[in-house]
Amino acid sequence: QRFPVVVVGAGPAGLTVGNILRAASVDCLVLEAESREFIEQRPRAGVMEEWAVRGLEKRGLARNLLDRAELHTACEFRFDGERYRFPYGELTGSHHFVYPQPLLVTDLVREYADVRGGQIRFGVRDVRVHDIDTDQPSVSYTCPETGEHRVVHCDFVAGCDGARGVTRAALPPERVRVARHDYGIGWLALLAEAPPSADCVLFGCHANGFAGQMPRSPEVTRYYLQCPPGDDPENWPHERVWAELQERLGASGVPPLTEGRLIEKRVLDMHDYVAEPMVSGRLFLAGDAAHLVAPIAAKGMNLALHDAFLLGDALVAHLTGGDDSGLGGYAEACLRRVWDYQEFSQWLSEVFHGSAAGDAFRAGTTLARLRRLFTSRAAAAAFAEQYLGTAAQY
Ligand code: RFL
């Protein structure tokens, strides 16, 4: 079997690359380790930046999103017993879209496989990439139904298999640097069957630790609670979760949060990495496969889409017009935005976690940072630009 492009991974990055290729009538094969039902239900991101939505719209991939997503123009910080609303829409004229990742993945799979006629295999095992430094790379996998070992020859491999995939490991270690950062902090990520308790994202910066609320839909709300890294979710029974959320997100004049059944409870260890240069020979990484940004600033899926737009367009330009400039500049163009977002996440981490560091000095500087957002127009404008992703040059 032969395809111009094999895409490993059917997340937002891989499916977007696949859709861009199919729109230009380039054949490709997407290989996904999980089932279609699984990827269409896996809960994760929800906050999307406006440029990312416009990028999807331009490529005919945002119809449902534009019909159904909620628009967010403000967030609210709660600290020192008070609430402070931050109207970033007013400051920038831009806003966020809230659209759950499983809905986006469902839209992208449907468009790729059912509308644009793209080929996709679900449930594949033992995916391996071969000969990426030659002009005849290949990808092998085991077929789920038959156990048969298959080899697909191609011109390019798009490594879009997320943080736990196999393609990053195929980059030759002597030519790739993986820069890592560990925050030494855990977040208990929760999904509650409860309506949001405020119409916007809430950030609670509290001496007990950070707490966040991210509306996902009228029925389901995401919450986060800072916890020790590696903590066991079993240490967080229903009563403890809600007591801590009520305390950390409490502020004067604010009614208690609306509680509900917890339908997801996982501990995430906050860490980042960036693989540079994201490319070796005919293997091009995109999304979490190349760089992970802790969900502190809700940036990961946005970066995955940014890579996918650039990679999809660059592959089409090469395969249909012989233009190599996009592929040549791919890694550098992606990494500018990646590092910009990593820096913002690191800055925001101190705002979220500094009050609970057990260090009076850090607690003092954290409070100063928070107050500055509400007293300095310049500080507020800078934060708004970075939070919305409009400041990054690309
Ligand atoms: P994905 O989505 O992980 O997709 C990779 C796909 O590859 C498959 N796979 C393989 N397939 C074949 N062979 C293998 N060997 C394979 N290994 C893995 C996987 O099954 C999967 O289908 O990567 P992609 O496309 O790069 O997209 C990245 C985003 O999913 C991720 O950055 C975001 O979810 C991060 N994130 C958020 N990002 C935002 O922009 N806004 C948010 O509000 C936001 N909230 C979040 C988040 C991530 C979270 N978690 C769980 C870490 C909230 C949470 C809780």
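Buried area is the accessible area, for a 1.4 Å probe, that two parts lose on being put together, summed over both. The size of an interface is often given in this way, as the accessible area lost when the parts come together. In the predicted model described here, the quantity was computed for the two domains of the protein, and domain 1 and domain 2 bury about 1,700 Å² between them. Of this area, 56% lies on carbon and sulfur atoms.

Domain 1 is assembled from three segments, 2–72, 97–180 and 271–346. Domain 2 consists of residues 183–270 together with 358–388. A distance of 30 Å separates the C-alpha centres of domain 1 and domain 2. To the contact, domain 1 contributes 21 residues and domain 2 contributes 20 residues.

With respect to polar interactions, the interface of domain 1 and domain 2 holds six residue pairs in polar contact, both residues of each pair being at pLDDT 80 or more. Salt bridges between domain 1 and domain 2 number zero. On the side of domain 1 that touches domain 2, the elements giving two or more residues are strand E3 (47–49), strand E4 (70–72), strand E16 (261–276) and helix H9 (325–353). The most is given by H9, with four residues. Classified by residue type, this side of domain 1 comprises ten nonpolar, five polar and six charged residues.

The ligand has 36 residues around it, of which Glu32, Arg42, Gln101, Asp288 and Met301 come nearest. The side chain of Glu32 places an N or O atom 2.6 Å from an oxygen atom of the ligand. Backbone atoms also take part. A polar backbone atom of Met301 is 2.8 Å from an oxygen atom of the ligand, and a polar backbone atom of Ala298 is 3.2 Å from a nitrogen atom of the ligand.

Two features of backbone geometry were also noted. The peptide bond that leads from Glu276 to Pro277 is cis, with omega near 15°. Pro277 is situated in the loop between E16 and strand E17 (279–280); E16 is also among the elements that give two or more residues to the side of domain 1 touching domain 2. The second feature concerns Ser25, which is not a glycine but has a positive phi of about 60°. Ser25 belongs to the loop between helix H1 (12–23) and strand E2 (28–31).

Conventions
Residues numbered from 1 in each chain as written. Predicted model: local features only at pLDDT ≥ 70, side-chain atom pairs only at ≥ 80, totals over all residues. Heavy atoms only, no water. Domains from an automatic or database assignment. Contact = heavy atoms within 4.5 Å. Salt bridge = Lys/Arg side-chain N within 4 Å of Asp/Glu carboxyl O. Polar contact = N/O pair within 3.5 Å; in protein donor to acceptor, adjacent residues only side chain to side chain. Nonpolar A, V, L, I, M, F, W, Y, C, P; charged D, E, K, R; others polar. Near = heavy atom within 4 Å.
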